[in-house]
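Reader: I would like to learn how to read helices, packing and backbone oddities in a model. Can we take them one at a time?

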Amino acid sequence: MTRRQFSISNVSHLAGEGILDIPSLSVLRYKNPAALLAEFKDTWGVEARAVALPVAEADGLLYDVGGLRGVPLSSHAQPSQSLKGFEDVVKAFLSAGVHIMLTLCPNMGYIPGEGLQLADITGITSAQLCIANPRSVEVLGAILGTGIDIVRDVTARSSGVRLQGVAVDVTDLWGMGGELGRVRATCFCTTCTQHFSDTAPDLLKRFKTFPNPWSLLLRPTGSGIDFVSEVPVGISPEEIVGIARQRNYIEQFPKAEQSELLEYANLLLRYMRSRHSLTVGAIGALFDYACNGLDEKLTRIVVMEGETYGWTSGIWLEELDNAFRDDGTSGYDEVWLNVTPSFLPQRVPYRAYMWRRSRYFINSFFELAGSLAHASTRVHTGLSRMTIEECRRMVAEQWQQAYGSALSSQAALVGLPERSAAEGSQQNVRRGFVGVGLDRDFGDRFSDQLVILPSRADSHARASSNDVGLDIQTILKRMQDGG
Ligand SMILES: [Zn+2]
């Protein structure tokens, strides 16, 4: 008896163009480009059309950028013996016949510059750059722009393959935290404060006291923060208060009177609109700066989680979709997102990112690993109480958690929505999908080879074994001396 062909067996071809995303060049330490591309084909049933490469890592840059001398190079800048740098990686993929895309994750915490960084309600800055600051846009734009030029140099000498697009990962632009009834969400830096006083005078000061309007849709817990992301663009203040009551977020408001809560809901909506326009404007400015003076047009991509409203991206996906024009005037041309039932783009072309919350958990993993190589986080945070071996185990465990959100199988493509044309267009709104070049075993191999600075915990361990090694004071002294 012959086996019948069921329609889902065709799923890979219906899935559209596939892109292999490599979030960190550390991946290439264990697998060469040919192996990664073969694995993509094995997993998804189609060949990758393009590869997406990072232009910077969580622990440093991948190449020199004019004007940023002194900023550290990443420990993954030379991924292997045969791939001695970013340019070699680009060449290797181009000669394998795939196009290149570049991704920038602006969460890097190693760019110096007090005024460029995120600031919370109390004025305390974090290491991460505030993307709203025009100067940060220039720094990030130069990093991305230099990467563009390196790829263009190489593609000028190869035929049939080219640089297709540039992507900015916005999954974690604006941090949030706090305790019950005291929500702190960023950013209150000079640029952000100025934007709010221009567009919504007196609004920001209502967020500086507790409880503030954020508590209607955000609730800090012992281990993080609960949030409501099913917030459509047209939601009314009454509906927001309804959700806050239903989820008991209103326990953060001592009085919780309806009129007071409605006023808060109004303020919250105004804040969300203003933050959305600020963020979208900053992303557009970043693309403009990085692409300034280029002859060819690169696809400008925004990498998002896929929720209706993204608290850490500050963006309403629905609004991004509504505002999209295919004449290139929107400042973005494509979105990569984890497809969820909450909202599907109708206008802006998109690709399904095959990982829950897209890059969010992946980035958190690499940020944690990156922080272990930096003296300040190793000395000033809770990480100082952990020995190198404990850190190594934590990184491996953290990877298992992050990998729990992977959607790495052909079967996951079955759940993708059918491809349909946008209104008045022949093009499919969903262009294809993005598969991530990271497997379950990555965490163990990565943590084994990770460079981790010793901490106070290590020097205690050494002191007890009578070994006179390098202690934390020596490391600090060397840092102060610039050594
Ligand atoms: Zn800011």
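Author: Yes. Note that this is a predicted model. Start with one residue, V90, which sits in helix α3, residues 86-95.

Reader: Is V90 buried or exposed?

Author: Count the C-beta atoms around it. A residue is buried if 20 or more others lie within 10 Å of its own. V90 has 25 within 10 Å, so V90 is buried.

Reader: Which residues is V90 in contact with, beyond its neighbours in sequence?

Author: Leave aside the residues within four places in sequence. V90 is then in contact with L53, I100, I150, V151 and V154. For a distance in space, take L204. V90 and L204 are 114 residues apart along the chain, and their C-alpha atoms are separated by 45 Å.

Reader: Now helix pairs. What describes two packed helices?

Author: Two values do: the angle between the axes and the distance between the axes. Take α3 and α4. Their axes come within 10 Å and cross at roughly 45°. That angle makes α3 oblique to α4. The crossing is right-handed.

Reader: Which residues make the contact of α3 with α4?

Author: From α3 come F86, E87, V90, K91 and L94. From α4 come I150, V151, V154 and T155. By class, the contact has 6 nonpolar, 1 polar and 2 charged residues. V90 appears here again, as part of the α3 side.

Reader: What is the angle between α4 and α7?

Author: Helix α4, residues 134-155, packs against helix α7, residues 258-291, at about 45°. Their axes are 8 Å apart. So α4 is oblique to α7. α4 passes α7 in a right-handed crossing.

Reader: Which residues of α4 and α7 make the contact?

Author: On α4 they are V137, E138, L140, G141, L144, G145 and I148. On α7 they are A282, A285, L286, Y289 and A290. These residues divide into 9 nonpolar, 2 polar and 1 charged.

Reader: Which residues of α4 are buried?

Author: The list is S136, V137, V139, L140, G141, I143, L144, G145, T146, G147 and V151. Compare it with the contact lists. V137 is buried, and V137 also takes part in the contact with α7. V151 is buried too, and V151 belongs to the contact with α3.

Reader: How far does α4 reach from its first C-alpha to its last?

Author: α4 has 22 residues and reaches 30 Å. At 1.5 Å a residue, 32 Å is expected, and the value is close to that. Now try α9, residues 360-371. Its 12 residues should span 16 Å at 1.5 Å a residue, and its end C-alpha atoms are 16 Å apart, which agrees.

Reader: How many residues of α9 are buried?

Author: 9 of the 12 are buried, so α9 is largely enclosed by the rest of the structure. The buried residues are Y360, F361, I362, N363, F365, F366, A369, G370 and S371. The cover over them includes β3 (56-57), β8 (163-169), α10 (375-380) and α11 (388-403).

Reader: On to R270. Where is its place, and how many C-beta neighbours does it have inside 10 Å?

Author: R270 is in helix α7. R270 has 16 C-beta neighbours inside 10 Å, so R270 counts as partly exposed. Not counting residues up to four places away in sequence, R270 touches A200 and L203. For a distance in space, take S447. R270 and S447 are 177 residues apart in sequence and 44 Å apart, C-alpha to C-alpha.

Reader: Now the backbone. Which residues does a cis peptide bond join?

Author: Read omega. One cis bond joins T186 and C187, with omega about 20°. C187 is in the loop between β10 (182-185) and α5 (190-199). Another cis bond joins F210 and P211, with omega about -10°. P211 is in the loop between α5 and β11 (218-221).

Reader: And phi? Which residue has a positive phi although it is not a glycine?

Author: N248 is one of them, with phi about 60°. N248 is found in the loop between α6 (237-246) and α7. R357 also has a positive phi of about 60° and is not a glycine. R357 lies in the loop between β17 (350-353) and α9.

Reader: Are N248 and R357 buried or exposed?

Author: N248 is exposed, with 9 other C-beta atoms within 10 Å. R357 is buried, with 22.

Key: Residues numbered from 1 in each chain as written. Predicted model: local features only at pLDDT ≥ 70, side-chain atom pairs only at ≥ 80, totals over all residues. Helix = DSSP H or I, 4+ residues; strand = E, 2+ residues; numbered from the N terminus. Contact = placed C-beta atoms within 7 Å. Axes fitted to C-alpha atoms, helices over the stretch in contact; angles between N-to-C directions. Parallel < 35°, antiparallel > 145°, perpendicular 65-115°, else oblique. Left-handed = near helix turned anticlockwise from the far one by under 90°. Nonpolar A, V, L, I, M, F, W, Y, C, P; charged D, E, K, R; others polar. Expected span 1.5 Å × (residues − 1).
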